[in-house]
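The following exercises concern a structure that is to be read step by step. Attempt each task before consulting its solution.

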Amino acid sequence: MKKIISFLLLFTFGLSSCEKDDICDADTPTTPRLVISFYLYKDPQTAANVKNLKVIGEGVESGEGIIFNENGTDVTKYLTNASTISIPLRTDADTVTYSFILNSGNTIATNTDILTFNYSRNTVYVSRACGFKTTFNLLTNNPAGNPPTTPFVRTDSPAADGFWMEAVQVIESNIESENETHIKILI
Amino acid sequence: MKHTLKYLYSFCLLFSMFLVKAQDTTATAPPEEIALKKTKTEAVKTAKTAKPVIQKAVNDSIKIKTDRYGLRVGVDLYKLTRGFYDKDYKGIEVVADFRLTKKYYLAAELGFEDKTTDDDRLNSTATGTYIKGGFDYNFYQNWLDMENVITIGLRGGFSTFSQQLNSYKVYNPNPYWGEQPSIISERKYDGLTAGWGEVAVGLKAEVFSNFFVGFGVQLKLLVANKKPDDFDNLYIPGFNRTYDGNFGVGFNYTVSYFIPIFKKKVVTPEITKKATPKK
């Protein structure tokens with residue numbers, strides 16, 4: 001009898017001790033980033049690599065760019081030479097502005113274009129461990145609307161160095177996963 | 001406090017009346033039927049002081065045992081007392097079982113819970129009532145007139161409850177724009193239901209006459225779960241915390257009172273053989 005009692009007690013304490021075991025798995029799809037792919041302007045079907053692209057959010061306190069290369073040095077970790085990049089949208093505002101600096105670090109060839117994305121947000125439940133995630137909807141182009149809406153605004157930098165982005169297209173306005181391209185930029 | 005005491009006293013009085021009644025019926029049992037083998041009485045003497053049922057031994061007689069049948073009602077002290085030290089919890093559970101046959105008991109639990117679950121990213125409160133019904137099988141062989149039970153049983157449970165999401169955090173694996181603070185929410189989800197089955201293992205020991213202390217653990221399997229559209233049932237009253245799978249666990253610590261209703265005589269089989277030619 002006593003053995004059973006002590007066993008049951010041990011069993012119940014054992015159960016109560018393993019309650020806080022939830023950690024949000026990194027593979028769980030949570031708040032997605034905006035996926036941008038670069039293509040050649042002359043041949044829009046061919047993916048193009050950017051050269052030393054640095055992306056900095058407007059109003060970021062530290063002034064640091066998005067880290068594309070975790071293992072890089074203080075300079076190179078902000079640079080990418082890929083044909084696809086993912087940038088986070090703000091989960092606390094309906095608009096975000098980024099400076100896209102091509103040939104960053106090269107004082108002569110550097111060229112900055114600024115893109116502002118406008119979107120609406122949804123909060124979606126994920127799980128106990130992960131909590132909620134935010135999904136985004138890029139606004140549809142409706143310049144006659146009230147207020148007028150555009151999914152993005154492309155502006156040149158104050159240096160007036162011209163656009164290195166020849167054209168910007170919305171491929172998928174529902175930003176729910178990072179497995180697809182949302183914005184296509186022709187360079 | 002004064003009122004509580006008053007009720008406590010009246011309860012005790014009520015119970016003492018049952019006690020008296022129980023004693024009466026015991027006395028009316030015909031003495032010639034209640035007898036024991038000499039050797040058995042020796043054992044009893046060492047194990048437990050004899051009750052009125054066990055009479056002086058007559059050699060070569062039939063051992064007859066009376067099993068009491070009745071309703072046992074109690075309360076889960078674990079849930080009741082948890083409210084005192086855990087500000088996030090209020091709950092009560094009333095337990096009852098009724099002895100159907102020698103080994104089978106009809107069992108039911110009825111409860112109310114109000115529990116605030118605080119996870120890293122979510123804070124939610126579940127409030128609701130539940131009912132569980134099923135049976136217990138007693139596999140403990142008692143000595144003589146002892147009435148302790150060690151049971152294994154099955155239950156079906158059903159809960160109707162509501163949930164309120166108090167606050168939540170948005171998970172952002174790329175906190176370039178900084179970590180967003182927790183968002184206060186007042187979202188309430190009503191009309192939620194859940195159903196489950198459970199395997200319950202427990203024991204109840206008689207500590208005083210008719211008073212039982214017991215505890216048990218339950219393993220639960222969620223069968224039906226009506227979730228809100230944009231949230232999950234993180235805690236279901238009666239089922240407790242939900243996990244990724246359908247499994248759940250429960251624990252209770254009960255104090256219960258046995259109300260005897262009728263008795264059945266039990267003749268131990270091996271002695272019956274000997275006894276039959278005598279009659």
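**Exercise 1.** How many residues of chain A are in contact with chain B, and how many residues of chain B take part?

*Solution.* The model is predicted. Step one is to apply the contact criterion, C-beta atoms within 7 Å. By this criterion, 25 residues of chain A are in contact with 22 residues of chain B. Step two assigns the chain A side to its elements: α1 (2–17), β6 (111–127) and β7 (131–138) of chain A each supply at least two residues. The largest share, five residues, comes from α1(A). Step three sorts this side of chain A by class, which gives twelve nonpolar, eight polar and five charged residues.

**Exercise 2.** State the order of the strands in the open sheet of four strands in chain A, and identify its edge strands.

*Solution.* The order is β4-β1-β11-β9 (chain A), and the pairing is mixed. The edge strands are β4 (84–87) and β9 (167–170) of chain A, as each pairs on one side only. From one strand to the next, the twist averages 25°. Now consider one pair: β9(A) and β11(A), residues 183–186, run antiparallel over four bridges. Within this pair, Ala167(A) is opposite Leu186(A).

**Exercise 3.** Where in chain A is confidence lowest, and where is it highest?

*Solution.* Begin with the whole chain: the mean pLDDT of chain A is 85, and 89% of its residues reach 70 or more. Among its elements, α1(A) has the lowest confidence, with a mean of 60, while strand β1(A), residues 34–39, has the highest, at 94. Finally, residues 17–21 of chain A stay under 50 in pLDDT, and the model has zero contacts for them beyond four places in sequence.

Terms used: Residues are numbered from 1 along each chain as its sequence is written. Chains are lettered from A and ligands numbered from 1 in the order in which they are written. This is a predicted model: local features need pLDDT of at least 70, side-chain atom pairs count only at pLDDT 80 or more; totals for chains, interfaces and linings use all residues. Two residues are in contact if their C-beta atoms, placed from the backbone, lie within 7 Å. Ala, Val, Leu, Ile, Met, Phe, Trp, Tyr, Cys and Pro count as nonpolar, Asp, Glu, Lys and Arg as charged, and the others, Gly among them, as polar. Two strands pair if DSSP finds at least two bridges between them. Axes are lines fitted to C-alpha atoms, for helices over the stretch in contact, and angles run from 0 to 180 degrees between N-to-C directions. pLDDT is the predictor's confidence in each residue, from 0 to 100.
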